[in-house]
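Welcome! Please take a look at the sequence and the structure below, and then we can walk through them together.

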Amino acid sequence: MVIFDGVSKRFILRHERSRSFQEAFVNIWNRRNRSREEFWALKDVSFNVEKGGSIGLIGENGSGKSTALKLITRIIDPTRGKVRVQGKIAALLELGAGFHPDLTGRENIFLNGSILGMTRREMTERFPDIVEFAELEAFIDTPIKHYSSGMYARLGFSVAISVEPDILVIDEVLAVGDEAFQRKCLDKIREIKDAGKTIILVSHSLQMVKDLCAEAVWLNGGVVRAQGDSVKVVDQYLEWANRKNKVRLEGVHSKAQEERQEDYRRWGTREVEISRVEFLDGEGRPTTVFDTGDTMVVRLHYWARQRVERPVFGVAIHRIDNVHINGPNTKTSEYDIEFVEGEGAVDYVVPFLPLLEGTYQFSAAIYDYSCIHPYDHHDRLYTFNVQPKTMKERYGFLHIPCQWRIETKAPVTPRGDPVGRPSFQVRRE
Amino acid sequence: MADFTQHLGELFRYRELVKNLVARDLKARYKNSVLGFAWCLMNPLLMMGVFTLVFGVLMRNNIPNFPIFLLIGLLPWNLTASSVMGSMGSITGNGHLIKKVYFPRELLPISTVFSNLVNFLLACIVLAGMLLAFRVTLSPLYLYFPVILLIHLIFLLGLAFLFSSLNVFYRDTEVIMEVVMLAWFFMTPIFFNIEDLTANFSRLMYIANPMASIISTYRMVLLYDSPPAADFLLRTLATSVAVLLIGYWFFRRQAPAFGEEV
């Protein structure tokens, strides 16, 4: 159980403090110049998480999320108010904090375990599990300065998780290690959650917050803007963030974006951004109207303001009533892009569009290789239409190529008789 | 008070960490050196050689068994100096830990003192060898040794608490202390006999410098076969406990801010 009761946290900005006797001495004569620059990272924040509950903290950078986590884990104390925590905490704040490079994996497991407050007996008991989970059996007696960063993170996660916490505090750490291990970590976190433990998550991955947390708290400038059901709060936050973005973007290219500004959904850190999305037919002519079975090419123009390693381009198609139809990306298609820099375009080519008549919404996104960190996500910002020109099929929204066959004892006439006995064989492609 | 006992309980629960931090210190210190732990033994011998050469041969003196006399002063002094200097980095040098994980911060200066204690005890092997070699008679008075060491440690823990937290807020503590330690070294009867000073000076030194009392007591029991006077021992103990209490009070007062300041 975690209770925040009217919690405020003040920081005195660092450059104001006398860091040495010399400055302290000078400051005695300069009392007037010593303006105290204060910064309130949290202002009167209250929320609580029941035992077995799960809560996500969301908000922009500098909104106080990390401060809240540090208060929960007792790394810092509140200036005002009370933080009450019941139960053993495991914090995935920084994996492998306190590892010593000269010591072996084995020695570091014991060192790090004791930093997390475990006794030697507990550590000895859990040691085999830790090593197995980290998949480091072969390297456990190697000094960890020879480890790769992935191995390092794996070991850190395994040790941190072995505390068998009542409360698991996670701060954006899963963006490390390879993808298989990330999935393993997520599974482990879900397992801990299902075992009735409390989960507190800080993440920029709003999807993860929605998936993992029942509730969310939206912090803005150290103040709680909204709290409650995680899906609702995340949507509120998105709407607010996108409106804010819109204002910012309007100054840049106001006209081009005008028609989408009603429902503007866009987020990401913009190291690389999607500058334009173009719909083309098979011959490369711009169009937004397709026929079922047409070739559809969606050209994602990007602009990378810096070199970005291994980006993942992804798209998604939604029906107008928000039914999520698909969401492929270059990673799941095993199309690795080594890096992007400057301007360019990525084509999403559908050789045979299987959608039936209707209006569809199109999303485009660029993520980092872990698919957790968004560079630029355009959520349902684009629309295209499918109109029946040659396709006769009408029901539903998907054309699935099929064949019909009939088996009958009666003699089959080659031409179908529409009235009486159905006797046809249809093949559509 | 309830808070305080609760905190001590927490310290006890984390004893494993002290052990591991000490082990980390020692392993890391010797892992990359060819001679490894042999340095614990070599270092005091070499120091003793240098000091004997300077203060025993070049500048003659009439202290009998001078190398042993010197070593009994030098080893406790090294323990003090390395604990004080080491403690100053114990908080600031572990910022990555303090900012990421909660544990009782006291453990850092405590483990610094303890790892230096381990070094001291290893060096005492050399001292024991020397005592045997120079045929100083073994005496039951040696049982005083752990008692004096305990008083010495209480004093050191107090200093470690004080300087480790002071250095967080004033980083030039370390620079200042380098000079202070040098002065302190010369003001402590390590290579001279405190009785050789005028009575006034030696009294003053005993009062102002607990290390003078501690080293004199070590010498009394290890070298001169005379039991330390009870009131003298108690006075040293009282001073050490006072230093510990002040140091710990100061540390506890500052500790909550470590997470922001390191």
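N65(B) sits in the loop between α3 (38-58) and α4 (66-92) of chain B. Helices here (H or I, at least four residues) and strands (E, at least two) are DSSP runs, numbered from the N terminus. This is a predicted model, in which local features need pLDDT of at least 70 and side-chain atom pairs count only at pLDDT 80 or more, while totals for chains, interfaces and linings use all residues. Residues are numbered from 1 along each chain as its sequence is written, and chains are lettered from A and ligands numbered from 1 in the order in which they are written.

What is notable about the phi of N65(B)? The angle is positive, about 50°, although N65(B) is not a glycine. Most residues other than glycine have a negative phi. D225(B) also has a positive phi, near 55°, and is not a glycine either. This residue lies in the loop between α10 (210-222) and α11 (230-254) of chain B. Both residues are partly exposed, a class between buried (20 or more other C-beta atoms within 10 Å of a residue's own) and exposed (12 or fewer), with C-beta atoms placed from the backbone.

| Residue | Phi | Other C-beta atoms within 10 Å |
|---|---|---|
| N65(B) | about 50° | 15 |
| D225(B) | near 55° | 14 |

Now for chain B as a whole. It has twelve helices and zero strands. Of its 262 residues, 36% are buried. Two residues are in contact if their C-beta atoms, placed from the backbone, lie within 7 Å. Among contacts in chain B between residues at least 6 apart in sequence, 79% join residues at least 24 apart.

How many residues does each chain bring to the contact between chain B and chain A? Chain B brings 22 residues and chain A brings 28. On the side of chain B, the elements giving two or more residues are α2 (15-31), α5 (95-98) and α12 (258-261). The most comes from α2(B), with seven residues. By class, this side has nine nonpolar residues (Ala, Val, Leu, Ile, Met, Phe, Trp, Tyr, Cys and Pro), ten charged ones (Asp, Glu, Lys and Arg) and three polar ones (the others, Gly among them).

Chain A holds an open sheet of six strands, in the order β5-β6-β7-β3-β8-β9, with mixed pairing. Its edge strands, β5 (89-92) and β9 (223-229), each pair on one side only. Two strands pair if DSSP finds at least two bridges between them. β3 (residues 54-58) and β8 (residues 215-220) of chain A pair in the parallel sense over four bridges, and I55(A) stands opposite E215(A) in β8(A).
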